[in-house]
Amino acid sequence: MNIQQNLTILQQNIKTAQQNSAYAAPEVQVLAVSKTKPLALIKEAFDQGQLDFGENKVQEFVQKEQSLPRARWHFIGHLQTNKVRQIIGKTVLIHSLDRLELAKEIEKRSSAANVVTDCLIQLNLAREDSKSGLYAEDLMDFVAKLADYPHIRVLGLMAIGPNVSDEIAIRKVFRQLRELRDLLQAQNLPYLEMKWLSMGMSYDYQLAVEEGANIIRVGSGIFGERDYSLQEK
Ligand SMILES: *Cc1c(COP(=O)(O)O)cnc(C)c1O
């Protein structure tokens, strides 16, 4: 596993995707998804100039953030309300705001810690039972309610592409997310800033970039295949 080489290939592929599409964002940030990966590999990537890392389990997030506080840590997994307290003040961005109960808890804990927590709203556009996220038709109501949560700042949207090989189906989900972003942006709500579109993983990030992603979340494409037996349940 050559992390430096993988990061270089990633940058080349991003550039190609940007050149292929008028919808592509001028700057695409790579979020290195480091779940299950040891700190030594994370440090290696950090030393290569990779600054942003994503974790999907609270305990692992907290341990790694503590071990490498100079990196920028994102939370990208399903977040249980009873664990919110542990990560408040430590996240650059929570990508998985997907329900009011969670918003309430993030608000409460952020207020207590005197911080504003930056979040992305996660959508489940392919309507897969296995995935978290709001359905598109519930987005506008959800966003309206967030006006009452001054310690949450919504900075964009996040989705996971459908688990299929059909490029057209994957692209459709990414396009839908971009269109929802544009719709929200057009509403000019004072508490929303639609800065980030977080979509695309190792196997579909080129499509995501073509459809306008400006954060791609890449794990195995940087660190190699994962061994999930190393992770908390
Ligand atoms: C694991 C994970 C990724 C990265 O997956 P790869 O296929 O390894 O790139 C991206 N986003 C989320 C939400 C994840 O849980």
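This section describes the surroundings of the ligand and the two largest pockets in a predicted model of the protein.

The ligand sits in the largest pocket of the model. Twelve positions need not be treated one by one, and the residues around the ligand can be given as a list: Val 33, Lys 35, Ile 76, Met 158, Ile 160, Met 201, Ser 202, Arg 217, Val 218, Gly 219, Ser 220 and Arg 226. By class, this shell comprises six nonpolar, three polar and three charged residues.

Polar atoms of the ligand are placed beside several side chains. An oxygen atom of the ligand lies 2.5 Å from an N or O atom in the side chain of Ser 202, and an oxygen atom of the ligand lies 2.6 Å from an N or O atom in the side chain of Lys 35. In the case of Arg 217, an N or O atom of the side chain is found 2.9 Å from a nitrogen atom of the ligand. On its own the ligand has 390 Å² of accessible area, of which the protein covers 91%.

The largest pocket itself holds about 570 Å³ of space. Its lining is made up of 28 residues, and those closest to the centre of the pocket are Lys 35, Asn 56, Ile 76, Gly 77 and Ile 160. Among these, Lys 35, Ile 76 and Ile 160 also belong to the residues around the ligand. The lining of the largest pocket divides into ten nonpolar, ten polar and eight charged residues.

The second largest pocket contains about 220 Å³ of space. Its lining consists of Gln 4, Leu 7, Thr 8, Gln 11, Val 28, Gln 29, Val 30, Gln 48, Gly 49, Gln 50, Leu 51 and Asp 52. Two or more of these residues come from each of helix H1 (3-20) and strand E1 (29-33). Helix H1 makes the greatest contribution to this lining, with four residues. In terms of class, four residues in the lining of the second largest pocket are nonpolar, seven are polar and one is charged.

Note on methods. Residues numbered from 1 in each chain as written. Predicted model: local features only at pLDDT ≥ 70, side-chain atom pairs only at ≥ 80, totals over all residues. Heavy atoms only, no water. Near = heavy atom within 4 Å. Polar contact = N/O pair within 3.5 Å; in protein donor to acceptor, adjacent residues only side chain to side chain. Areas by Shrake-Rupley, 256 points an atom, 1.4 Å probe, with all protein chains shown as cover. 1 Å grid on protein atoms, 1.4 Å probe; cavity = no way out; pocket = protein on both sides within 12 Å on 5 of 7 lines; lining within 4 Å. Sits in = over half its atoms within 2 Å of the grid points. Nonpolar A, V, L, I, M, F, W, Y, C, P; charged D, E, K, R; others polar. Points joined across faces, edges and corners; volume = space filled by probe spheres on them.
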